[in-house]
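I opened the notebook to write down what I looked up, one item at a time. The entries follow the order in which I went.

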Number of protein chains: 2
Amino acid sequence: MADSKNLPGPLQNIFQLIDQNKTKYISTLGEAVAIRSVSAWPDARDEVVRMVTWTGSKLRELGCKVELQEIGNQTFEDGTVLALPPVIFATLGSDCAKKTLLIYGHLDVQPAKKEDGWDTDPFVLTEVRGQLFGRGSTDDKAPVLGWLHAIECYQALKQDLPVNLKFVLEAMEESGSEGLDDLLRAHEDKFLKGVDLVCISDNYWLGKNKPCLTYGLRGLCYFFLEVEGGIKDLHSGVFGGSVHEPMADLIWLLDQLTGQDGKILVPGIMNDVPEKTPDEQKLYDAIEFSLEDFRSDIGVSQIRFPQSKSKTLMHRWRYPALSIHGIQGAFSDPGAKTVIPRKVIGKFSIRLVPNQTPDQVEKVVQAYIKEKWESRQSPNTMKLKLESGGKPWSANPNHPNYRAASKATEYVYNEVPFMTREGGSIPVTLTLQETTKKNVLLLPMGASDDGAHSQNEKIDIRNYIEGTKVMAAYLYEVGQITESLEEAKE
Amino acid sequence: MADSKNLPGPLQNIFQLIDQNKTKYISTLGEAVAIRSVSAWPDARDEVVRMVTWTGSKLRELGCKVELQEIGNQTFEDGTVLALPPVIFATLGSDCAKKTLLIYGHLDVQPAKKEDGWDTDPFVLTEVRGQLFGRGSTDDKAPVLGWLHAIECYQALKQDLPVNLKFVLEAMEESGSEGLDDLLRAHEDKFLKGVDLVCISDNYWLGKNKPCLTYGLRGLCYFFLEVEGGIKDLHSGVFGGSVHEPMADLIWLLDQLTGQDGKILVPGIMNDVPEKTPDEQKLYDAIEFSLEDFRSDIGVSQIRFPQSKSKTLMHRWRYPALSIHGIQGAFSDPGAKTVIPRKVIGKFSIRLVPNQTPDQVEKVVQAYIKEKWESRQSPNTMKLKLESGGKPWSANPNHPNYRAASKATEYVYNEVPFMTREGGSIPVTLTLQETTKKNVLLLPMGASDDGAHSQNEKIDIRNYIEGTKVMAAYLYEVGQITESLEEAKE
């Protein structure tokens with residue numbers, strides 16, 4: 001795909017080698033996907049740790065100095081206490097003449113079970129028509145491996161690595177990055193000292209074919225809303241009609257959260273969200289984005305704003321949104337069970353946008369739920385807990401970091417990437433911005449239809465291989481940055 | 001416990017032998033509980049079948065003629081097709097001078113997982129202070145074994161069995177008794193021909209200490225309410241705000257079903273429920289029932305009608321009730337997952353009372369949900385399916401069948417049993433009444449706090465052993481019935 005006329009010499013050989021290594025790279029991704037590193041499953045904690053040590057070995061083979069940082073314990077809802085998987089800190093090179101780039105990635109994955117509706121075993125990487133299906137394929141194992149492949153190519157071709165590298169690779173990202181924030185803040189003047197710029201490859205293109213760089217993310221408040229009745233589940237035949245059922249209370253509370261139009265009903269929730277400006281409207285109008293592709297990829301009959309590209313994008317990027325994810329403790333298997341569950345925990349989350357903060361959002365949600373609950377007059381007990389909170393984030397898309405990534409992308413895809421924001425949350429983005437005080441770039445490898453967190457998650461072989469080239473080229477372009485990189489002022 | 005002064009001679013020896021066999025009976029129940037015969041779990045189907053063949057062997061050892069009736073296939077929600085477990089038809093004796101008693105029981109159990117909150121392994125029968133904990137202990141394995149023990153005692157003591165016996169033992173009761181109804185109706189003039197009375201031991205005392213006989217049951221309509229959006233689960237960060245989420249629609253629909261006071265909001269649902277009469281009120285007022293024991297056993301801070309014994313009983317027995325059991329397809333594990341589930345199925349059921357019918361209830365529920373759904377104006381698709389329906393049932397509590405059971409109970413417990421109704425549903429009760437056209441008796445073995453369908457299901461050793469004596473004495477008393485047993489006219 002690369003246009004060799006403009007391609008700097010060192011990258012020509014590297015791109016060629018990446019193409020030659022395609023089969024090997026797919027096989028390595030297969031090894032990684034086979035490790036069931038689901039951070040949400042207590043039973044899979046050994047596998048999560050195995051994924052960390054497996055990656056640590058690969059980094060050592062590349063000559064990195066690798067430290068496994070222990071970050072304490074995790075206490076699950078049921079009281080189970082498990083050690084958190086360690087975080088990898090790795091360093092490669094310390095040449096004062098070079099910039100130091102910090103790369104973040106994560107090694108854990110979302111839960112996945114065949115019976116959730118996967119067409120293939122989620123932990124067996126399966127190639128179908130140019131796409132690689134498997135849990136973690138795109139989120140975030142291929143991007144992490146992409147960096148390793150890029151470094152390996154420089155080394156195989158005996159080309160000097162254009163940058164000093166530091167890696168932060170965690171394995172709790174899909175479970176709120178528990179423990180990471182404290183670790184990074186404790187290392188602000190230690191491991192993170194001397195970093196000049198930051199790159200995170202853990203998001204997706206806006207569409208399926210056009211490369212993007214991303215300069216904004218929504219934050220997240222994830223809530224556990226618990227309603228508890230008696231001391232045991234009850235048979236609905238024997239007790240139905242004579243008790244206040246926790247499920248009815250929970251369903252009612254959850255239904256108070258959003259209106260028919262999807263609007264969040266919590267008073268004060270929009271207080272910190274600025275009105276959109278005419279300039280902003282123009283920015284959104286300029287983005288190429290097919291509502292029909294968007295609709296048909298997710299397979300719904302109609303999206304929320306079927307007539308408006310800018311409304312659709314704004315409601316994904318610059319407005320908060322509330323989703324109800326599920327209920328723990330109720331009957332969730334196929335078939336029928338005539339149970340009155342004794343304790344049920346509704347899981348819902350709100351995506352945050354500038355200038356919302358988790359503290360403020362938690363405050364208004366707590367007040368609203370408390371008021372509603374009191375009006376319900378139920379003898380059951382209700383608890384609302386903020387399970388995790390992350391602020392929204394945005395960066396300066398005109399920074400040299402973004403220019404380097406833009407050039408790298410052009411070498412590979414022959415297109416200027418779109419500058420996008422994203423609706424998802426990667427809380428570490430903000431932490432890395434705050435602790436390094438440097439520009440943070442999001443460099444997506446996968447495409448919009450990869451289905452991170454869904455059944456049949458995949459990455460296109462094109463994105464894996466070309467994305468690896470973008471990474472290699474980005475390292476080269478960061479090496480070309482001549483200006484000194486001041487503190488981020490976003 | 002038995003007062004030997006009034007006890008007929010043949011029963012004295014039998015009761016003594018039952019007491020002597022206590023340890024053996026507990027061990028046999030342990031074997032039965034260890035068989036994980038969960039009919040709702042497709043993966044456990046082999047275990048369900050094993051429970052059937054295990055019981056078949058025991059019946060053959062007692063000299064029964066045993067037939068395993070194959071009843072076709074079951075198709076699960078996900079398309080899995082499995083053979084239904086066979087139904088046991090067993091016959092013992094064909095003496096024209098004796099009455100023929102049909103006994104029904106079931107061999108399958110509710111789902112149970114240690115992590116649901118059991119204190120012990122649900123499939124290892126565990127004795128703690130006179131109680132036997134384990135899934136199926138009280139529902140319905142101890143009662144089924146009770147009959148077998150009673151027969152064995154007659155035989156060990158070389159006493160002629162006072163009745164001819166037929167058994168119908170199924171293994172799909174906890175999953176809507178799929179296939180049983182058709183089988184029984186096909187055998188109305190075959191296996192069921194010649195039956196004089198029917199006894200089912202698959203329910204519970206009203207309290208913990210007072211024996212009961214039961215002459216009424218509520219029916220059941222179990223609904224699957226499905227809302228489907230796109231073709232895959234979505235990441236709430238990427239898509240939240242831009243799509244109509246099926247969970248929000250489902251939660252809203254489920255919340256339309258009942259009011260804050262537990263009242264069912266479906267118009268027309270009460271049309272077929274008669275007003276209570278002054279006589280009926282007196283009947284309920286006469287029953288001994290401690291609201292405080294009821295409340296503290298289930299561990300809630302307050303029951304629905306904290307001041308009224310008769311309202312509490314009536315809302316368990318003679319008024320319909322609606323319970324929401326759970327949601328399939330949403331996130332239900334511990335921890336956090338930021339998913340927008342693509343298809344979610346709400347499970348709810350309505351307990352039916354005379355003179356409601358499943359057809360009529362389905363009709364009004366379908367109409368109500370359809371109307372509500374149209375007002376929601378969601379582009380998602382909604383389907384409401386009646387998963388299973390069973391009519392309510394009541395019998396004549398003055399029938400000789402009830403008098404025999406009452407006498408048998410008095411021999412063992414020295415108390416006249418309460419005549420109760422129950423809130424639960426055992427659809428086969430009505431089918432057996434309709435196909436045999438004879439009186440059906442419910443003879444509970446376990447107590448109100450046994451926790452059928454709950455965590456920590458148990459049966460008291462007292463109830464298991466004394467209940468076995470009641471069964472033996474009931475066989476004796478049925479043998480004493482001299483009048484001819486006309487068709488049931490309930």
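**Entry 1: a serine in chain B**

I looked up S27(B) and found a relative accessibility of 43%, so it counts as partly exposed. I should say at once that this is a predicted model. S27(B) sits in helix 2 of chain B, which covers residues 22-34. I also checked its separation from G9(B), which is 18 residues away along the chain. The C-alpha atoms of S27(B) and G9(B) are 28 Å apart.

**Entry 2: where the two chains meet**

I asked how many residues each chain gives to the contact. Chain A gives 86 residues and chain B gives 85 residues. The size of an interface is often given as the accessible area lost when the parts come together. For chain A and chain B I noted a buried area of about 7,600 Å², with 51% of it on carbon and sulfur atoms.

I then looked for salt bridges across the contact and found 2 between chain A and chain B. K113(A) pairs with D333(B) in a salt bridge, and their closest N and O atoms are 3.8 Å apart.

**Entry 3: salt bridges elsewhere**

How many salt bridges does the whole structure have? I noted 52 over all chains.

I picked a few to look at. E47(A) and R50(A) form a salt bridge with an N to O distance of 3.0 Å. Both residues belong to helix 3 of chain A (residues 45-61), and they are 3 residues apart, about one turn of the helix. R50(A) has a relative accessible area of 40%, so I entered it as partly exposed.

In chain B I looked at E434(B) and R185(B), whose salt bridge has its closest N and O atoms 2.8 Å apart. This pair links distant parts of the chain, with E434(B) in helix 13 (residues 427-436) and R185(B) in helix 5 (residues 180-186), 249 residues apart. E434(B) is partly exposed because its relative accessible area is 28%. R185(B) is also listed as partly exposed, at 36% relative accessibility.

Next I took D449(B) and K458(B), which meet in a salt bridge at 2.9 Å, N to O. Are D449(B) and K458(B) buried or exposed? D449(B) has a relative accessible area of 16%, so it is buried. K458(B) is at 2% relative accessibility and therefore counts as buried. In chain A, I found a network of salt bridges with shared partners, which joins D449(A), D450(A), K458(A), D460(A) and R462(A).

**Entry 4: cavities**

Rolling a probe the size of a water molecule over the atoms shows where empty space is left. I counted 9 cavities of 30 Å³ or more.

The largest cavity has a volume of about 90 Å³. It is lined by 13 residues, and the closest to its centre are L443(B), P444(B), M445(B), G467(B) and V470(B). Helix 12 (400-413) and helix 14 (461-480) of chain B each give at least two residues to this lining. The largest share is 4 residues, from helix 14 of chain B. I sorted the lining of the largest cavity into 9 nonpolar residues, 4 polar and no charged.

The second largest cavity holds about 70 Å³. Its lining includes W205(A), Y413(A), L443(A) and M471(A). Helix 12 (400-413) and helix 14 (461-480) of chain A give two or more residues to the lining of the second largest cavity. Helix 14 of chain A has the largest share there, 3 residues. The lining of the second largest cavity divides into 9 nonpolar, 3 polar and no charged residues.

**Entry 5: backbone details**

I found a cis peptide bond between D139(B) and D140(B), with omega about 20°. D140(B) is part of helix 4 of chain B (residues 137-156). P354(B) and N355(B) are also joined by a cis peptide bond, with omega about 0°. N355(B) lies in the loop between strand 15 (343-352) and helix 11 (358-376) of chain B.

I then looked up two positive phi values. K158(A) is not a glycine, yet its phi is positive, about 55°. K158(A) is in the loop between helix 4 (137-156) and strand 8 (164-170) of chain A. Its relative accessible area is 77%, so K158(A) is exposed. S177(A), also a residue other than glycine, has a positive phi near 50°. S177(A) lies in the loop between strand 8 and helix 5 (180-186) of chain A. I wrote S177(A) down as buried because its relative accessibility is 9%.

Key. Residues are numbered from 1 along each chain as its sequence is written. Chains are lettered from A and ligands numbered from 1 in the order in which they are written. This is a predicted model: local features need pLDDT of at least 70, side-chain atom pairs count only at pLDDT 80 or more; totals for chains, interfaces and linings use all residues. Side-chain values use heavy atoms; hydrogens and water are left out. On a 1 Å grid over the protein atoms alone, a cavity is a set of points where a 1.4 Å probe fits but cannot get out, and a pocket is an open set with protein on both sides within 12 Å along at least five of seven lines; lining residues have an atom within 4 Å of a point. Grid points are joined across faces, edges and corners, and a volume is the space filled by probe spheres set on the points. Ala, Val, Leu, Ile, Met, Phe, Trp, Tyr, Cys and Pro count as nonpolar, Asp, Glu, Lys and Arg as charged, and the others, Gly among them, as polar. Buried means under 20% relative accessible area, exposed over 50%, partly exposed in between (1.4 Å probe, protein chains only). Contact means heavy atoms within 4.5 Å. Buried area is the accessible area (1.4 Å probe) that two parts lose on being put together, summed over both. A salt bridge is a side-chain nitrogen of Lys or Arg within 4 Å of a carboxyl oxygen of Asp or Glu.
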